[in-house]
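Me: I am new to this structure and would like a close look at a single part of it. Could you take me through one helix and what surrounds a couple of its residues, step by step?

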Amino acid sequence: MSAASNSNESYCTFTLASDVTAGGLPSEEEIAKQLESNDPKTKRHALKAAIMAMLGGEAMPRILMQVIRFCINSDDKPLKKLCMLYWEVVPKYQEPSSDEVLRAASGGQPVQRKLLPEMILVCNALMNDLNHPNEYVRGSMLRFLCKVKDEEILGPLIPSIKACLQHRHQYVRKNAAMAVFHAHRLHGDTLIPDGPELIDAFISAETDIGARRNAFLMLFNESEELAVQFLAKNLDDVGKFGDGFALLVLDLTRKACRRDPNQKSRFVRVLFQMLSAESPAVSYEAAWTLISLSNSPTAIRAAAVTYTNLLNSQNDNNVKMIVLERLEKLKEKHSKILQELLPDIMRGLSSPNPDVCEKVLDVAMALVTHKNVADVVVTLKREVGKTTQESSDSSEEKGKVYRNMLIQAIHGCAVRFPDVAESVVHTLMDFLSSDGGMQVIIFVRAIVEKYPDLRPAILTKLINTVDEVTNTNVMCICLWILGEYCETSETVKDAYDTISAQLGEAPFIVQPKDKKAREDAAAAAAKGPQLVTKNVVLADGTYATQTMYSEPKVNTAQDNTPNLRKMIVGGDIFLGSVVSSCLTKMCLRGSDVGLDALTVKSMTVNSLLTMCGIVKMAEVTVSAQKSSLADCSDRVTLCCRALLDPKAKAILKQALLSEGKSSFAIFLKSVQGKEGKEKEESKEDVVSTQADDLIHFRQLKSLTAQAGDLDLDDGSDLARATGYADGNSLLTNELSHVYQLTGFADPVYAEAFVTVHDYDILLDILVINRTPNTLANLSVELSTMGDMKIVERPQSHTIGPLDQINIRASIKVSSTETGHIFGTIVYEDASTQEKGYINMNDIHMDIMDYIRPATCTDEVFRSMWAEFEWENKVAITTSITDLIEFLDHIVSSTNMKSLTPFDRKENGSFLAANLYAKSVFGEDALVNVSVEKKDDNDGKLAGYIRIRSKTQGIALSLGDRITSVQRGLPPKKE
């Protein structure tokens, strides 16, 4: 790295507090006068003001000699630090004349830098500090020299820097090693050509951890061979050299092995030694390095063991998520090795964070095989059992979400491996009355259809537990299962008696006196405790006033009404229709399974009375399902005709008893087929190895590995022959995030490379001076619109003729909202002293950088849809004429996932789908697409897209995104 060619460049690595600017900065004369004061506090204040003024563009040439005369020899420590800051920003070279600049710009002799004469005194003062008897003065000066880039200033100080390498105090030696590294990196050939040899001798005798680490950093960057030699001599002691040294060794390993794969065997021993390091950072980096360098099963297994140990030993949830992502990547190519470690991965379920548990289950479920499914199911059942314990342990605190995840995982195991279905279904049925009852009953419904041998036991368990169900939707599915799959006389009779007992006798209407009592109790409870004041006689015969709270009496009588009857009496019309259908199926099947005619007739009569009571309830009760009255009446009428009319019974019996099960079986097959297709589509095509690429045959290589060591290249020839690829270039993705800020004809050209890291946006702005003049005090002034805050503002710079610099800026994002970054480039022409302003183009931050596809159940989607208050309704205006094509376009353009299954082969005129996504900030985005293809509108699509979210920003931003992309498909690339 060469020194900066611009003689006017000024820089500062510190940020000063702005308290000195209160009331305005003093003038140059005032600062010079204050520096002559004997009070160190006054001097500090004046020097701060001088530094702030110079950073703002003021030259202040008189101040340099004042600082040299009155501040340079002071023993005041804060003043010494301010002097170091002043040496950073002060101009150190004479300004070139305009003739010299023009001559250099036209191709003549380049401008020669001339050091100011005053700098000789400054160098002498710096040398005095380097030879100071106080070690902390020496150390701070060595740290300061790491920021000096001028060869003329560093040159006279090199002997003193070398002498500091032999100082008795480790603080001085540590900073001296960094100063040698800095000087050799900038001016190694001229100032300190023997730097690597000097540091090599220094590190061999050094005992301090920090000094050894800095010395090895110098060797690693400037003389890699010497670093490797030192590492080879001290392999056994690497663990004692500290974490910083170990991380440098890993960097050296990656750098050397990627340049020359034959070097891998030299680092095997130290890599495996670092896998068991006490520092989690070192062991994690060692595992990652091992995986990046080798595909051998031994190396992969050792790295995977390290990852699982980190997963179970670290308490930080961020560390756990990072490790799980590494395991997920490792699973794609080395699943068989991870299957051996599946029990250790499952131990991660002990985390109290549900996100970590979800990630653990995602990784674990992909590794389940016939060999380990039994152990996995036992672990999952044990975790489900923990969620029911009345304690304050971590599993209980995770609550409903964790229980649902476990039930879904068990469901997946039972579907893939029928052998374990019987062992889990009875355990899960105990949770029908819990929060995860819906997931359990859906699982039971699928098991009953797929495995006929398990039906008797499941139906018996369901009949015994149906009285515990409190959720309406769960009750509907339970009744449907009993109506469809009770096919023996015992199960039909038991199920009918249980349902009849749960329903009770008609009517299913709240009686007036009961209704009045409930209203009175509710009104009394609403009033709450009342203040009552009365006079009392005390023990000594005197009177007193007593005030107390009087609470209404609580009715302690238990309500023994069955849950099913409560639901029906409460006005659930849809449940009443399901009950009618279930009873009708049992009555129709009674004669087929061997029940006597008297029993069947009694069942029919009771069923008719029950159905009449349900219709009466639907007509009288005022509820949210009042609109379903007509459907309920039609359904119950159909059931009554099937029981009373022999002709209707002959027509409807087959449809009622068989078509429901057959339709459900077809549905399960279609769902399974779609899941298989999605898995195949999600698999990425692995790029094959090129035909003319070399293949390394391990057997023909020289024996570079030492005896007893492992060759890290083991298996690489097989991996290349099978088409292994390291990954594609990210150049295309990077170019899509480059924004042009100014025009090609502007005096200053600027473009920004935008990098989005979740909550942070990093701007790397390239600024090019296209004029033959020096531009002084050039600054990029940025502003933001939206929930964005500039954390690090760019400082001003001086750019030489036709020169360029890179300026960085950091912006913090607080929510998912479309934002804009805009600003102005301000500069001053050094030759004409004219100021220039260039307005930059806006940088539009796309909401798609924060949106990630996600999935959830229909119940969770509906609950969030009802809860979220912000809605954005977008009318559909598009040139696309196909419903499926339009939905795919919306899904791909918004990074969302469709939750609604549909058949692409079906041709319909209407489509409704639910889409779901999550932002990196944890915000949920819900979208409902309702689109219709109208025949009277030339086949154009019409409808609405409704967006709901908890915050206004994501609803508006996502609506703007959909409005901009819905009009048509993007042009296809040829």
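Reply:
**A close look at helix α27**

Glu484 is buried, since its relative accessible area is 1%, where under 20% counts as buried; this value, like the others here, comes from a predicted model. Glu484 belongs to helix α27, which runs over residues 472–485. The side chain of Glu484 makes a polar contact with the side chain of Lys585, at 2.5 Å. Once its neighbours within four places in sequence are set aside, Glu484 is in contact with Lys585, Arg589, Leu656, Leu657, Gly660 and Lys661.

Leu482 is also found in helix α27, and with a relative accessibility of 1% Leu482 counts as buried. Leaving aside its neighbours within four places in sequence, Leu482 touches Leu459, Leu462, Ile463, Ala495, Ile499 and Met586. One of these contacts, Ile499, is 17 residues away from Leu482 in sequence, while the C-alpha atoms of the two are 9.7 Å apart in space.

For another helix to set beside this one, consider α33, which covers residues 629–644. With 1.5 Å a residue, its 16 residues should span 22 Å, and the C-alpha atoms at its ends are indeed 22 Å apart, so the expected and the computed spans agree. Buried in α33 are Cys632, Val636, Cys639, Cys640, Ala642 and Leu643. These buried residues cover an arc of only 160° around the axis, which means that they lie on the same side of α33. On the other side of α33, Asp631, Asp634 and Leu644 are exposed.

Notes
Residues numbered from 1 in each chain as written. Predicted model: local features only at pLDDT ≥ 70, side-chain atom pairs only at ≥ 80, totals over all residues. Heavy atoms only, no water. Helix = DSSP H or I, 4+ residues; strand = E, 2+ residues; numbered from the N terminus. Expected span 1.5 Å × (residues − 1). Buried < 20%, exposed > 50% of the residue type's maximum accessible area, 1.4 Å probe, protein only. Arc of directions from axis to C-beta. Contact = heavy atoms within 4.5 Å. Polar contact = N/O pair within 3.5 Å; in protein donor to acceptor, adjacent residues only side chain to side chain.
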